[in-house]
Amino acid sequence: MEETIGVTEAAQIPRQRGEQLMDHAVRYAEERHWDVFPGTWLEASEGEEFCSCGDTECPAPGAHAARPDWASQATGSAAGARRMWGKHPKAAVLLPTGRTFDVLEVPESAGFLALARLERMELPLGPVISTPDRRMLFLVLPGGAAKAPALVRDLGWAPSSLDLVPRGQGHSLAAPPPRVRCPVPTRTRKNVPAAV
């Protein structure tokens, strides 16, 4: 991969305290030129947190799409992001995959080995996210999610043995800073993206 994924220089990780989620959504849209859309959020009651979707068995509490039409709701406009988070200030910032980037998700151990190998090969690397549940998300060029299982098989590995979860068109991820309850499931179900 010789191209970057909408990033020209290393950006600072957004601060988690003192900034509103709207600020993060606007920054992703303006500085990285990534589409964003609001997701669910965590609600607190009697010392416990639960997802704003109301599902007590929610697989991604506080970090999945709030509406089934989320794909058409995503915007790369800072003004659009301000408008959406103005209505839902506690909403998680979600990034659709398959547009500007795809995601390859692996366990942390496999992710660190991959990082070391990529560094030895002197290959350019896109953003990498480490999740609270010890997973790593590699942001790759669109189409990478579809190609990854075959590439892994060509190297002699079964994608299932690496616990590789490719995410392309129709999926999304919760952007840092995360506002999720840990541990967070990373598998997706129909129209509910995995959390970071």
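This report covers strand pairing, a salt-bridge network, the cysteines and the largest pocket of one predicted model.

Residues are numbered from 1 along each chain as its sequence is written, and side-chain values use heavy atoms, with hydrogens and water left out. Because the model is predicted, local features need pLDDT of at least 70 and side-chain atom pairs count only at pLDDT 80 or more, while totals for chains, interfaces and linings use all residues.

**Strands**

Helices (H or I, at least four residues) and strands (E, at least two) are DSSP runs, numbered from the N terminus. Two strands pair if DSSP finds at least two bridges between them. β4 pairs in the antiparallel sense with β1 (residues 37-38) over two bridges, and F37 stands opposite L94. β4 also pairs with β9 (residues 172-174), again antiparallel, over three bridges; here L95 stands opposite L173.

In a regular strand the side chains alternate between the two faces of the sheet. From β4, V93 and L95 point one way and L94 and P96 the other, and all are buried (under 20% relative accessible area; exposed is over 50% and partly exposed in between, with a 1.4 Å probe and protein chains only). The loop between β4 (93-96) and β5 (102-107) holds T100, which is partly exposed at 24%.

β2 (residues 42-45) and β3 (residues 48-51) run antiparallel and are joined by four bridges, with S45 opposite E48. Two residues lie between the strands of this hairpin, where E46 takes a positive phi near 55°.

**Salt bridges**

A salt bridge is a side-chain nitrogen of Lys or Arg within 4 Å of a carboxyl oxygen of Asp or Glu. By this rule the count comes to nine. E105, R135, D163 and R167 are linked in a network of such bridges, with the pairs below.

| Pair | Closest N to O | Separation in sequence |
|---|---|---|
| R135 and E105 | 2.8 Å | 30 residues |
| R167 and E105 | 2.3 Å | 62 residues |
| D163 and R135 | 2.6 Å | 28 residues |

R135 lies in β7 and E105 in β5, so their pair ties together parts that are distant in sequence by 30 residues. R167 lies in β8 (residues 165-167), and D163 is in the loop between α6 (159-162) and β8. E105 is buried at 0% relative accessibility and R135 at 6%. R167 is buried too, whereas D163 is partly exposed at 23%.

**Cysteines**

The structure holds zero disulfides, a disulfide being a pair of cysteine sulfur atoms within 2.5 Å. For C53 the nearest cysteine sulfur is that of C51, 3.5 Å away. C58 is likewise in no disulfide, and its nearest cysteine sulfur, also that of C51, is 3.8 Å away. C53 is partly exposed at 37% relative accessibility, and C58 is buried at 8%.

**Largest pocket**

On a 1 Å grid over the protein atoms alone, a pocket is an open set of points where a 1.4 Å probe fits, with protein on both sides within 12 Å along at least five of seven lines; lining residues have an atom within 4 Å of a point. The largest pocket holds about 1,000 Å³ of space, the volume being that filled by probe spheres set on the points, which are joined across faces, edges and corners. Of its 31 lining residues, L104, A114, L118, V152 and L155 are the closest to the centre. The elements that give two or more residues to the lining are β5, α4 (108-120), β7 (135-140) and α5 (144-154); α4 gives the most, with six.
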